[in-house]
Amino acid sequence: MSESNTPSGNRPPKQVRTGLKTTGARKAASKSNRSRAREFALQALYQHLVGGNDAHAIDAFTRDLAGFHKADSVHYDALLHGSIANAADMDALITPLLDRKMAEISPIEHAVMWIGVYEFQHCLDVPWRVVLNECIELAKEFGGTDGHKYVNAVLNGLAPKLRAVEVAADKASGKGSIAADDDTGNHTDDETPAA
């Protein structure tokens with residue numbers, strides 16, 4: 001029997017199908033339409049932050065991207081236009097929790113924090129822990145190596161202020177801020193599950 005036919009050959013071990021990539025980010029097939037809306041909103045907000053592009057031009061461009069039809073377009077609209085319209089107020093909430101100037105924050109992390117703050121304030125149908133988890137997932141997939149930890153720290157710091165009743169209820173029931181439920185109500189963890 002040749003070495004290439006043996007299970008211990010030069011091939012990597014077969015990965016368990018968990019719905020996660022090796023980076024810990026979710027695979028496209030396991031994403032909800034709202035998760036997809038957040039991804040498209042992130043791309044659009046990045047264009048706004050980096051290029052200063054007009055929201056309507058960004059919106060038209062983003063809607064033509066492949067896969068947009070699978071996104072919740074109403075949620076996308078709210079995130080994009082709401083974040084841009086409320087940018088100064090959201091930055092005023094975020095800035096006190098930063099350990100550096102806003103200009104030194106990655107545009108991806110900045111946009112993800114906008115999405116989180118906007119959802120905390122305006123999307124009350126989305127539980128605060130879902131908002132937190134979804135933003136961590138965005139930062140894992142699109143941000144820098146440890147950007148998700150920074151996003152987690154800032155949004156975790158804002159949650160008790162922006163969703164006080166909900167956070168207090170979770171703390172009283174013993175639920176932590178690391179684990180969260182996704183949009184479908186399924187329990188997910190911030191950290192990559194062990195194989």
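This report covers the cysteines and salt bridges of a predicted model.

## Cysteines

The structure holds zero disulfides. Cysteine 123 has a relative accessibility of 6% and counts as buried. Cysteine 135 is likewise buried, at 0% relative accessibility.

## Salt bridges around lysine 31

The count of salt bridges comes to twelve. Among them is a network that links Lys31, Glu39 and Glu141. Within this network, the side chains of lysine 31 and glutamate 39 meet with an N to O distance of 2.3 Å. Both lysine 31 and glutamate 39 are buried.

Lysine 31 also pairs with glutamate 141, where the closest N and O atoms are 2.8 Å apart. Lysine 31 lies in the segment before α1 (33-51) and glutamate 141 lies in helix α6 (residues 128-142), so this salt bridge ties together parts that are 110 residues apart in sequence. The relative accessible area of lysine 31 is 11%, so this residue falls under the 20% limit for buried. Glutamate 141 has a relative accessible area of 26% and is partly exposed.

## Salt bridge between α2 and α3

Arginine 63 and aspartate 77 form a salt bridge through their side chains, at 2.3 Å from N to O. Arginine 63 belongs to helix α2 (residues 55-63) and aspartate 77 to helix α3 (residues 73-85), so the pair ties together parts that are 14 residues apart in sequence.

Arginine 63 is partly exposed, with a relative accessibility of 31%. Aspartate 77, at 26% relative accessibility, also counts as partly exposed.

Note on methods: Residues numbered from 1 in each chain as written. Predicted model: local features only at pLDDT ≥ 70, side-chain atom pairs only at ≥ 80, totals over all residues. Heavy atoms only, no water. Disulfide = S-S within 2.5 Å. Buried < 20%, exposed > 50% of the residue type's maximum accessible area, 1.4 Å probe, protein only. Salt bridge = Lys/Arg side-chain N within 4 Å of Asp/Glu carboxyl O. Helix = DSSP H or I, 4+ residues; strand = E, 2+ residues; numbered from the N terminus.
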